[in-house]
Amino acid sequence: MSAASPEAPVELTIVMPCLNEAETLETCIRKAFDFLNRHGVAGEIVVGDNGSTDGSQSIAHRLGARVVHIPTRGYGAALYGATLAARGRYVIMGDSDDSYDFSNLMPFLEKLRAGYDLVMGNRFRGGIQPGAMPWKNRYIGNPVLTGIGRLLFRCPAGDFHCGLRGYSMAAFKRMELRTTGMEFASEMVIKATLLGLRIAEVPTTLSPDGRSRPPHLRPWRDGWRHLRFMLLYSPRWLFLYPGLFLMLVGLGVGTWLLPGPQRLAGVVLDVHTLLYAALAVLIGFQCLTFALLAKVFAINEGLLPEDPRLTRLFQYITLEIGLIIGSLLVVGGLAGSIAAVVSWNEAAYGPLDASRTLRMVIPSVLCLMLGCETILASLFLSILGLRIRRMAPAITTTGLPEHEAA
């Protein structure tokens with residue numbers, strides 16, 4: 001076993017997350033060192049330990065790997081902390097359960113040397129050995145989640161959740177990853193795509209892991225977490241497009257029914273359908289508002305990169321414009337409500353023609369609600385738009401890599 005000395009420049013850091021992996025960790029570390037030695041790569045191995053109680057840390061120390069203790073539990077937390085401690089220009093991460101072949105990392109390193117920011121492994125192209133992946137993951141979970149990821153974010157990766165991947169430290173810093181659980185894998189691919197980083201893909205293999213205990217992965221639970229994360233990262237598909245659809249349908253049906261009852265396929269549609277059309281407009285508007293609020297919040301929190309289109313939009317749509325539009329809608333709603341009361345007065349406050357009166361009341365109430373929501377959303381957006389300076393406390397570090405101490 002050999003590793004780069006603390007003073008020597010390191011080209012590659014191989015990162016392994018670890019939580020009670022004593023059965024397989026030694027095999028993974030030996031394979032990784034074998035790769036570094038055979039190819040003459042100046043490298044190191046960093047194990048991100050998540051609180052192992054089976055002696056995994058001693059195994060790693062004995063074999064010459066560096067161990068970084070990560071107090072925050074989670075797959076993402078372990079990888080993030082270990083990467084922060086890396087001294088290499090490039091990082092290749094992989095699970096320490098002996099399911100990935102650490103002795104064959106050259107395709108990843110060659111792509112990184114060629115200038116790619118993120119290099120994804122593709123197990124479906126490289127080969128999945130019998131028993132290495134449950135059928136529900138192989139034929140349902142991974143293809144479905146990868147397809148959704150490619151649709152929502154136009155990502156070129158064909159195996160969205162492969163745990164063997166490489167990235168440059170410069171790209172890692174730009175991505176500013178935040179999640180601590182299994183969503184870390186999805187966040188990395190999504191962030192790299194949204195930032196316009198160069199992404200490549202290489203075939204890799206997947207073998208049955210060498211552990212006697214069940215894996216940490218829970219297919220249905222973790223699959224849902226990945227799906228939920230991707231949807232939350234894409235306000236357009238979660239809120240914007242459904243909202244636009246509901247508003248267009250609601251406005252179209254409402255405009256059609258506003259003059260009077262209409263017959264469709266032998267069925268008479270009246271004010272009851274008009275009420276549901278108004279509801280569709282209201283829900284659609286709420287979806288559009290949530291899309292905007294979610295986008296601004298995600299950008300402010302560093303979850304999504306800055307969007308030039310949104311910046312240009314806010315040059316024209318300001319708090320004052322929102323308040324004016326909301327106030328006009330409220331005034332319109334009040335005017336319609338007053339007209340409805342006047343109509344009732346003409347009937348001496350007696351029984352009314354429901355079909356005629358509701359055609360005045362429903363649009364008026366809709367305008368009142370839309371106006372109030374516009375005012376409130378404008379105020380909240382102005383709060384989100386405030387730039388608050390966060391003062392970080394002074395940190396004293398010793399013996400840490402330069403990029404970790406910074």
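This section describes the overall make-up of a predicted model, the packing of several of its helices, and a few residues with a positive phi.

The secondary structure of the chain comprises 15 helices and nine strands. Of the 406 residues in the chain, 45% are buried. Contacts that link distant parts of the sequence were also examined. Among contacts between residues at least 6 apart in sequence, 76% join residues at least 24 apart.

Helix α2 spans residues 56–63, and its buried residues are S56, Q57, I59, A60 and L63. When α2 is seen down its axis, these buried residues fall within an arc of 160°, so they line one face of the helix. An α-helix has 3.6 residues a turn, so residues three or four places apart point the same way. The exposed residues S58 and R62 are carried on the face of α2 that is turned away from the buried side. The buried residues of α2 pack against three strands, β1 (10–18), β2 (43–49) and β3 (66–69), and against helix α1 (25–39). The helix is followed by G64, which has a positive phi, near 100°.

The packing of α1 with α2 can be described in further detail. The axes of these two helices lie 10 Å apart, and the helices pack at an angle of about 25°. This angle makes α1 roughly parallel to α2, because angles under 35 degrees count as roughly parallel. The crossing of α1 past α2 is right-handed. On the α1 side, the residues that take part are L25, E26, I29, R30 and F33; on the α2 side, they are S56, I59, A60, R62 and L63. Divided by class, the residues of this contact are six nonpolar, one polar and three charged.

One residue of this contact, E26, was considered individually. E26 belongs to helix α1. With a relative accessible area of 25%, E26 is partly exposed, because this class lies between the limits of under 20% for buried and over 50% for exposed. Leaving aside neighbours within four places in sequence, E26 is in contact with I59, R62 and L63. Of these, I59 and L63 are among the buried residues of α2, whereas R62 is exposed on the face turned away from the buried side. The C-alpha atom of E26 is separated by 9.2 Å from that of D98, although the two residues are 72 residues apart along the chain.

D98 lies in the loop between strand β4 (88–93) and helix α4 (106–113). Most residues other than glycine have a negative phi. D98 is not a glycine, yet its phi is positive, at about 70°. A265 likewise is not a glycine and has a positive phi, of about 50°. A265 is located in the loop between β8 (262–264) and β9 (267–269). The relative accessibility of A265 is 78%, and the residue therefore counts as exposed.

Helix α4, which follows the loop containing D98, has the buried residues M106, F108, L109 and L112. Viewed down the axis of α4, these residues fall within an arc of 155°, so they line one face of the helix. The elements that cover them include helix α1 and the strands β1, β4, β5 (118–122), β6 (165–168) and β7 (199–203). Both β1 and α1 are also among the elements against which the buried residues of α2 pack. Just after α4, G115 adopts a positive phi of about 110°.

Two further helix pairs involve helix α11 (residues 271–300). In one pair, the axes of α11 and helix α10 (residues 235–257) come within 7 Å and cross at roughly 155°. Angles over 145 degrees count as roughly antiparallel, and α10 is therefore roughly antiparallel to α11. The crossing of α10 and α11 is left-handed. The contact of α10 with α11 has 20 nonpolar, five polar and one charged residues.

In the other pair, the axes of α11 and helix α14 (residues 354–384) come within 10 Å and cross at roughly 5°. This crossing angle makes α11 roughly parallel to α14. The residues in the contact of α11 with α14 divide into 21 nonpolar, five polar and two charged.

Terms used
Residues are numbered from 1 along each chain as its sequence is written. This is a predicted model: local features need pLDDT of at least 70, side-chain atom pairs count only at pLDDT 80 or more; totals for chains, interfaces and linings use all residues. Side-chain values use heavy atoms; hydrogens and water are left out. Buried means under 20% relative accessible area, exposed over 50%, partly exposed in between (1.4 Å probe, protein chains only). Helices (H or I, at least four residues) and strands (E, at least two) are DSSP runs, numbered from the N terminus. The arc is that of the directions from the helix axis to the C-beta atoms. Contact means heavy atoms within 4.5 Å. Axes are lines fitted to C-alpha atoms, for helices over the stretch in contact, and angles run from 0 to 180 degrees between N-to-C directions. Angles under 35 degrees count as roughly parallel, over 145 as roughly antiparallel, 65 to 115 as roughly perpendicular and the rest as oblique. A crossing is left-handed if the near helix is turned anticlockwise from the far one by less than a right angle, and right-handed if clockwise. Ala, Val, Leu, Ile, Met, Phe, Trp, Tyr, Cys and Pro count as nonpolar, Asp, Glu, Lys and Arg as charged, and the others, Gly among them, as polar.
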